[in-house]
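Please load the model in a viewer and keep the selection tool at hand. The stops below are arranged so that each selection leads to the next.

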Amino acid sequence: MSATASREVTGGVLAGGESRRMGQNKALMQLGGERLVDRVVRTLAESCAELLMVTNSPEVYADAGIRMVGDVWPGKGSLGGIYSAIYYADTPYVLVVACDMPFLQAASLTYLIEQIGDHDVVMPDVLGEQQPLHAIYGRTCLEPIRRRLEADRLKIVGFLPDVRVRTVTAAELHPFDPELLAFQNLNTPEEFEAAEHRLRGG
């Protein structure tokens with residue numbers, strides 16, 4: 001990846017979930033001796049020169065060492081979070097990931113960045129579904145997303161027919177991430193325990 005490409009992309013972490021099934025803020029839970037949010041930020045920093053976090057609780061993440069921004073459209077879920085990341089970024093593109101993805105792969109993220117070309121969105125389609133919280137969005141997405149937010153139509157992929165999308169397949173990502181672990185997120189104590197077991201080599 002060229003330095004120019006990395007400078008054109010901000011890494012955006014969405015940290016707005018309520019962690020209901022986990023029973024506590026999963027982003028702050030320790031995994032492999034490191035907070036989950038710190039793992040995500042560290043990996044994202046390997047691919048993006050600039051970083052930001054979308055959160056309405058900046059005090060919770062004050063020591064994460066990352067720029068904090070709030071929701072432009074509060075209460076609009078992940079689509080609102082994506083809009084906010086694009087809105088506040090100082091770059092033409094934002095690579096958006098969720099804060100609960102313990103196995104993000106810098107090589108895979110770099111590959112996504114390399115696919116931008118003249119596309120507005122670069123999004124993997126793996127494990128039988130599109131992966132909007134592991135995808136790149138350009139500033140050109142702001143207007144079509146805003147229309148969806150105004151209409152309270154919050155399905156993330158709903159605006160994709162209005163933009164130019166580069167779909168990245170599982171086959172493309174297998175060389176970097178053979179088991180496609182990067183797309184796993186942690187929602188329950190059982191999933192967290194399984195991730196810890198995997199990190200220990202179990």
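Is lysine 76 buried or exposed? Lysine 76 counts as buried, because its relative accessibility is 16% and the limit for that class is under 20%. Please bear in mind throughout that this is a predicted model.

**Stop 1: lysine 76 and aspartate 152**

With lysine 76 selected, add aspartate 152. The two form a salt bridge in which the closest N and O atoms are 2.8 Å apart. This pair links distant parts of the chain: lysine 76 belongs to the loop between strand E5 (67-69) and H3, aspartate 152 to the loop between H5 and E10, and 76 residues separate them. The search of the whole structure finds 13 salt bridges.

Keep aspartate 152 selected and inspect its backbone. Its phi is positive, at about 60 degrees, although the residue is not a glycine. Most residues other than glycine have a negative phi. A second case is leucine 127, also not a glycine, with a positive phi of about 55 degrees. Leucine 127 is located in the loop between strand E7 (121-126) and strand E8 (129-130), and at 54% relative accessibility it counts as exposed.

**Stop 2: isoleucine 156**

Return to the loop between H5 and E10, where isoleucine 156 is also placed. Isoleucine 156 counts as buried, with a relative accessibility of 12%. Which residues does isoleucine 156 touch, not counting those up to four places away in sequence? They are Ser78, Leu79, Ile82, Pro132, Leu133 and Tyr137. For serine 78, the C-alpha atom is separated from that of isoleucine 156 by 7.2 Å, although the two residues are 78 apart along the chain.

**Stop 3: helix H3**

Now select H3, residues 77-88. H3 has twelve residues and spans 17 Å from its first C-alpha to its last, close to the 16 Å expected at 1.5 Å a residue. Colour its buried residues: Leu79, Gly80, Gly81, Ile82, Tyr83, Ser84, Ala85 and Ile86. What do these buried residues pack against? Their partners are strand E1 (9-14), strand E4 (50-54), strand E6 (93-98), strand E9 (134-138) and H5.

Next, show the rings of tyrosine 83 and tyrosine 87, which lie four residues apart in H3, about one turn of the helix. In an α-helix there are 3.6 residues a turn, so residues three or four places apart point the same way. Tyrosine 83 is buried, at 8% relative accessibility, whereas tyrosine 87 is partly exposed, at 42%. Tyrosine 87 also forms an edge-to-face pair with tyrosine 88, at 5.1 Å centre to centre and 85 degrees between the planes. Tyrosine 88 is partly exposed, with a relative accessible area of 29%. The count of aromatic pairs comes to four. One of them is the stacked pair of tyrosine 83 and tyrosine 87, with 6.1 Å centre to centre and 20 degrees between the planes. Ring pairs thus link Tyr83, Tyr87 and Tyr88 into a cluster.

**Stop 4: arginine 147 and its network**

Select arginine 147 together with aspartate 162; their side chains meet in a salt bridge of 4.0 Å, N to O. Arginine 147 lies in helix H5 and aspartate 162 in the loop between H5 and E10, so the pair ties together parts that are 15 residues apart in sequence. Both residues count as partly exposed: arginine 147 at 42% and aspartate 162 at 49%.

Move on to arginine 198 and glutamate 179, a salt bridge whose closest N and O atoms are 3.5 Å apart. Here arginine 198 is in helix H7 (residues 189-199) and glutamate 179 in the loop between H6 and H7, 19 residues apart. Arginine 198 is partly exposed, at 36%, while glutamate 179 is exposed, at 52%. Then extend the earlier selection: Glu143, Arg146, Arg147, Glu150 and Asp162 are joined into one network by salt bridges that share partners.

**Stop 5: strand E10 and glutamate 172**

Display E7 and E10, which run parallel and are joined by five bridges. Valine 121 has valine 165 of E10 as its bridge partner. The covered face of E10 holds Arg166 and Val168, and the uncovered one Val165, Thr167 and Thr169.

End at glutamate 172, in helix H6 (residues 170-173), which counts as buried at 19% relative accessibility. Its side chain makes a polar contact of 2.5 Å with that of tyrosine 111 and reaches the backbone nitrogen of threonine 169 at 2.9 Å.

Technical notes:
Residues are numbered from 1 along each chain as its sequence is written. This is a predicted model: local features need pLDDT of at least 70, side-chain atom pairs count only at pLDDT 80 or more; totals for chains, interfaces and linings use all residues. Side-chain values use heavy atoms; hydrogens and water are left out. Helices (H or I, at least four residues) and strands (E, at least two) are DSSP runs, numbered from the N terminus. Buried means under 20% relative accessible area, exposed over 50%, partly exposed in between (1.4 Å probe, protein chains only). A polar contact is a pair of N or O atoms within 3.5 Å; within protein, one must be able to donate a hydrogen and the other to accept it, and residues adjacent in sequence count only if both atoms are side-chain atoms. Rings of Phe, Tyr and Trp (its six-membered ring) pair if their centres lie within 6.5 Å; planes under 30 degrees apart count as stacked, over 60 as edge-to-face and the rest as tilted. Two strands pair if DSSP finds at least two bridges between them. The expected span of a helix is 1.5 Å times one less than its number of residues. Contact means heavy atoms within 4.5 Å.
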